[in-house]
Amino acid sequence: MLTKTSPTLADGTKVADLVNPATREVQLRALSDPELYELEMERIFGRIWNLLGHESEIPNSGDFMVRDMGSDSVLVTRDKEGQVHVLLNVCAHRGMRVSTVDAGNTQVHTCIYHGWAFRPNGNFLGAPVERECMHGKMMTKEQLGLKKARVTLYGGLIFATWNIEGPSFEEFLGDTKWYYDILFKRSDKGMEVLGPPQRFTVRANWKAAGEQSAADGFHTLMLHRWLGEVGNYSKKNEDGSGADLSAEMVGVEISSPHGHALRCIDLGRKIRRLTGLDPDKLSIDEKLNALPPAGVTLEMVPQLKRNLSEDQLKVMTSMPPQVGGIFPNVLFGFVYIPQADGTVVGSMTMHAYVPKGPDKLEFVNWIFAEKDASPELREKMLRQTIQLFGTSGMVEQDDSDTWPHMTLSAKGAMGRKMTMKYQAMFETGKPAGWPGPGIVNEGFTKDDTQWHWWMHWRELMSAEA
């Protein structure tokens, strides 16, 4: 249970006062304050469910990879029984990192400092020269294992939390799980990674990226304007030009009290533009065959009917979720990429914006394909996704250029007193007959999804377990 205890910063400001519910403003200093960063590591990343990767990255017994939960390094391992574990990468002896490499395979994780050894499940095996009992006799071996996080697998995605007795993963997702299932649990075999994730460092506060991931739509019109100018993402004029992406900003947006968000974009427009068919005259089956979901082939369409409900299929073929985020630092993109020959290649990508300090984050990018996808489709998806959403992708060059400037602004003597405003509000509600749960609104994109992100940030930062 959470109780309100809003901490006070060194200058006397209450953390809760950084977010003003009455005017829907957030003080810009939130993107730079070192005190806030330390609180976030404890009150947010120390309590919520963190995305660490996908189980296909560690397919074999003994496989492991090193990832981060906030400011803590963790080992993500697979044991002989096939179970996935998440362990604090800190030796129980003197605090040395147990693993100093990014990934590998071993049945025994041995600390290079004093040789203490641990199994993939974190259990302590022993120290060198067993007869000398180098680990002493004051604590049992069972007490000397690596600290273990609580782990769940969702559609193959690995999530973990230090909040052992806290909300379940299903409670964490809440109503938005119904929509995430449309993306991550739609096929028989599920998805898998196309190689290790791409990673690079951005000199920016993690929240600048995290809150944008809460389905910000407005930035697309300006920052990604080129999608309409040189890409096939907007209706072309008679002279072949086109830059108006405003039609793509009309759809359905789902907010969550937990800060999760989804932007559902009208599939009918894409069917009409890319196939010439009238979506209003097509059944669900005909829509699936005319334009299968991003990353799905015609041969895989029957799997959708086996794994999703009729209501979920209705959303998938009318207003499917295509971009959005999982609080606090995850972005997903399941988008359609038009090709020069008139065909479409789907892109399935996820980003995590891992905090590395008040003004530094690590951008981690995973690229996925369905396990049943052909090698040819995998190659196309990988190439297209790297070009658009990878570390050198055109879209990410746009986004990652703005976050450092916002962080620098937040450091200024005057700039830190400015506010970010989330005052464009929906007044529509959900479409008639909309079958899904959650806070649902239709129409042109607004600020509601990001505002709910900041309100949940405020709630967690003002609460004590």
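Asp 11, Arg 29 and Asp 33 are linked in a network of salt bridges in this predicted model. Within the network, the side chains of Asp 11 and Arg 29 meet with an N to O distance of 2.8 Å. The pair links distant parts of the chain, with the two positions 18 residues apart in numbering. Asp 11 lies in the loop between strand S1 (3-4) and strand S2 (19-20), and Arg 29 lies in the loop between strand S3 (25-27) and helix H1 (34-43). The two partners differ in burial class: Asp 11 has a relative accessibility of 47%, so it counts as partly exposed, whereas Arg 29 has a relative accessible area of 5% and is therefore buried.

The structure holds 22 salt bridges. One of these joins Arg 269 to Asp 266, with the closest N and O atoms 3.6 Å apart. Arg 269 is buried, because its relative accessible area is 18% and the cut-off for burial is under 20%. Another salt bridge brings together the side chains of Asp 278 and Arg 272, at 3.5 Å from N to O. Asp 278 has 30% relative accessibility and so counts as partly exposed. Arg 272 is also partly exposed, at 42%.

Asp 216 is a charged residue without such a partner. Asp 216 is buried yet has no salt bridge, and the nearest side chain of opposite charge, that of Arg 263, is 8.1 Å away. A salt bridge requires the nitrogen and oxygen to lie within 4 Å, so this separation does not qualify. Asp 216 nevertheless touches Arg 263 and Gln 450, leaving aside residues up to four places away in sequence. Its side chain also makes a polar contact of 2.5 Å with the side chain of His 219. Asp 216 sits in the loop between helix H4 (206-212) and helix H5 (218-223).

The next topic is the nonpolar interior. In soluble globular proteins, nonpolar side chains tend to be buried together. The largest nonpolar core here has 87 residues, and Phe 184, Met 350, Trp 454 and Trp 457 have the most contacts inside it. Strand S21 (residues 361-370) gives the most to this core, with seven residues. Not counting residues up to four places away in sequence, Phe 184 touches Tyr 154, Gly 155, Leu 157, Met 191, Phe 332, Phe 334 and Met 350.

Leu 157 leads to strand S13 (residues 157-161). Five of the five residues of S13 are buried, so this strand is largely enclosed by the rest of the structure. In a regular strand the side chains alternate between the two faces of the sheet. In S13, Leu 157, Phe 159 and Thr 161 point one way, while Ile 158 and Ala 160 point the other way.

S13 pairs with two strands described here. Strand S12 (residues 150-154) pairs with S13 in the antiparallel sense over five bridges, with Tyr 154 opposite Leu 157. S12 and S13 form a hairpin with two residues between them, and Gly 155 in the turn has a positive phi of about 55 degrees. Strand S4 (residues 50-54) pairs with S13 over four bridges, also in the antiparallel sense. Asn 50 has Ala 160 of S13 as its bridge partner.

A further sheet is open and consists of three strands in the order S9-S10-S11, with antiparallel pairing. Its edge strands are S9 (109-110) and S11 (124-126), each pairing on one side only. Two bridges join S9 to S10 (residues 117-118), and Thr 110 has Ala 117 in S10 as its bridge partner.

Note on methods
Residues are numbered from 1 along each chain as its sequence is written. This is a predicted model: local features need pLDDT of at least 70, side-chain atom pairs count only at pLDDT 80 or more; totals for chains, interfaces and linings use all residues. Side-chain values use heavy atoms; hydrogens and water are left out. Buried means under 20% relative accessible area, exposed over 50%, partly exposed in between (1.4 Å probe, protein chains only). Lys and Arg count as positive and Asp and Glu as negative; His and the chain ends are not counted. A polar contact is a pair of N or O atoms within 3.5 Å; within protein, one must be able to donate a hydrogen and the other to accept it, and residues adjacent in sequence count only if both atoms are side-chain atoms. Contact means heavy atoms within 4.5 Å. A nonpolar core is a set of buried Ala, Val, Leu, Ile, Met, Phe, Trp, Tyr and Cys residues joined through side-chain atoms within 4.5 Å. Two strands pair if DSSP finds at least two bridges between them.
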